[in-house]
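Dear colleague,

I am passing on the structure that follows, together with some notes on its interior. Please read the notes with the coordinates open beside them.

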Amino acid sequence: NSGRRDMGGVSAGAEGSGSVTDVLCRLGLSSAFEPGNEVIGQLVEEFTAEGAVDMLSANGAMPRGVAALSRRWREVDWLRTAEKELESVAARAIALVVPGTADWPTQLDDLADRAPLVLRVQGSVALRPIVSRSIAVGGARAATGYGVWVAEELCAQLAAEGWCVVSGGAMGIDAASHRGALAGQGTTIAVSAAGVDVAVPMSNDSLFTRIYGAGAVVSEVPIGSHPNRRRFLVRNRVIAALTPVTVVVEAALRSGALSTAREADAMGRRLCAFPGPTTSAMSAGCHELIRTGSAALVTGPEDVIAVALGRSDSTSDQLPGRRFVSIDLSEQLVLDACAQQSASVERIAAACELSVEAAIATLHLLERKALVRQTARGWRSA
């Protein structure tokens, strides 16, 4: 190996983490495949990003799972796509942060094979130092007035106390959390399911402009990309991994917002939840977290900061009860597909873009976790 490689006109110098070759390969892989692909993560971990590209580009025999990814990789010149994005991010002053470099938040390594290949960062702050003192705040997109008020007040006071607020840049509790942090003259990070240059939804355009000036928008997907349901769910693992504490302000029992709580719980992060009216379906998820001992009950910023600093005696590892059941992305999608009514395996598989065999296997896993049950009309959430 000469230490230099011609990548479609872009010549890379020294190899390894952060080199032009490494960044180009990671950009190409993150363009070709959806975030959180564990097979791609394993290949990169074992063979480096360049080695993974070489393997996917080969025509020889390879494991079945890798062969399917290889076919997709060879359909498009993804390295050329990466070169174009590299030119665009340079023109827009968008930072590219990759594992093994000084700017990489090492807490993301807890995600192992599901860690981001590369992060696009657009804003006015460096990511790693700012998230060293951060708290994730999230909840339902269909938030109530109560939830919006709690999120704004909480995050304004957290920001005033010098904490960076991390959220998802979406509607509802996310947007309220960012607005609150900005009102508190603090820093906020939006981990977006779209490209860093795309506000989600478009009505958040002015909010994103403010975040660029007082924080940053972070994304795993290429600039210009639009979100889908899978990307909303999978980005939640990044929010959970970036911060030591995740706060759920408002969430229904089957809310996708609870996937961040599950991810945080699985990584041993601290969880907090705000109680709401007992009659509010939008607080039922928070009440379940508190009831099962997965999350500390908090009612204000002082409680949250106490948990973050380890000064609370009501954190989840000291509360009685069972832990919150952890489920992965495929299980979450299948659970959502049968949440409202009983559905056949075929219908669930189609809704989740899974094979029938994969849907059956996932349903049986969820059944063992007591989250679904089989009825005369099909499968239904339990």
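In what follows, Ala, Val, Leu, Ile, Met, Phe, Trp, Tyr, Cys and Pro count as nonpolar, Asp, Glu, Lys and Arg as charged, and the others, Gly among them, as polar. The model is predicted, with local features requiring pLDDT of at least 70 and side-chain atom pairs pLDDT 80 or more, while totals for chains, interfaces and linings use all residues. Residues are numbered from 1 along each chain as its sequence is written, and side-chain values use heavy atoms, without hydrogens and water.

On the open side, the largest pocket (an open set of points on a 1 Å grid over the protein atoms alone, with protein on both sides within 12 Å along at least five of seven lines) has a volume of about 750 Å³, a volume being the space filled by probe spheres set on points joined across faces, edges and corners. Its lining (residues with an atom within 4 Å of a point) comprises 13 nonpolar, 8 polar and 11 charged residues. G36, N37, E38, R230 and L329 lie nearest the centre of this pocket, and α9 gives the most to its lining, with 5 residues; helices here are DSSP runs of H or I with at least four residues, and strands are runs of E with at least two, numbered from the N terminus.

There are also 2 cavities of 30 Å³ or more, a cavity being a set of points where a 1.4 Å probe fits but cannot get out. The largest cavity, of about 140 Å³, has E34, P35, G36, N37 and L117 nearest its centre. The second largest cavity holds about 70 Å³, and α9 again supplies the most to the lining, with 4 residues.

The largest nonpolar core (buried Ala, Val, Leu, Ile, Met, Phe, Trp, Tyr and Cys residues joined through side-chain atoms within 4.5 Å) has 34 residues, of which L108, L119 and I189 touch the most other members. Its largest share, 5 residues, comes from α9. L119 is also among the residues that line the second largest cavity.

Finally, helix α7 (residues 173-183) is largely enclosed by the rest of the structure, because 9 of its 11 residues are buried, that is, under 20% relative accessible area with a 1.4 Å probe and protein chains only. Just after α7, Q185 takes a positive phi of about 60°.

With best wishes

Methods:
Buried means under 20% relative accessible area, exposed over 50%, partly exposed in between (1.4 Å probe, protein chains only).
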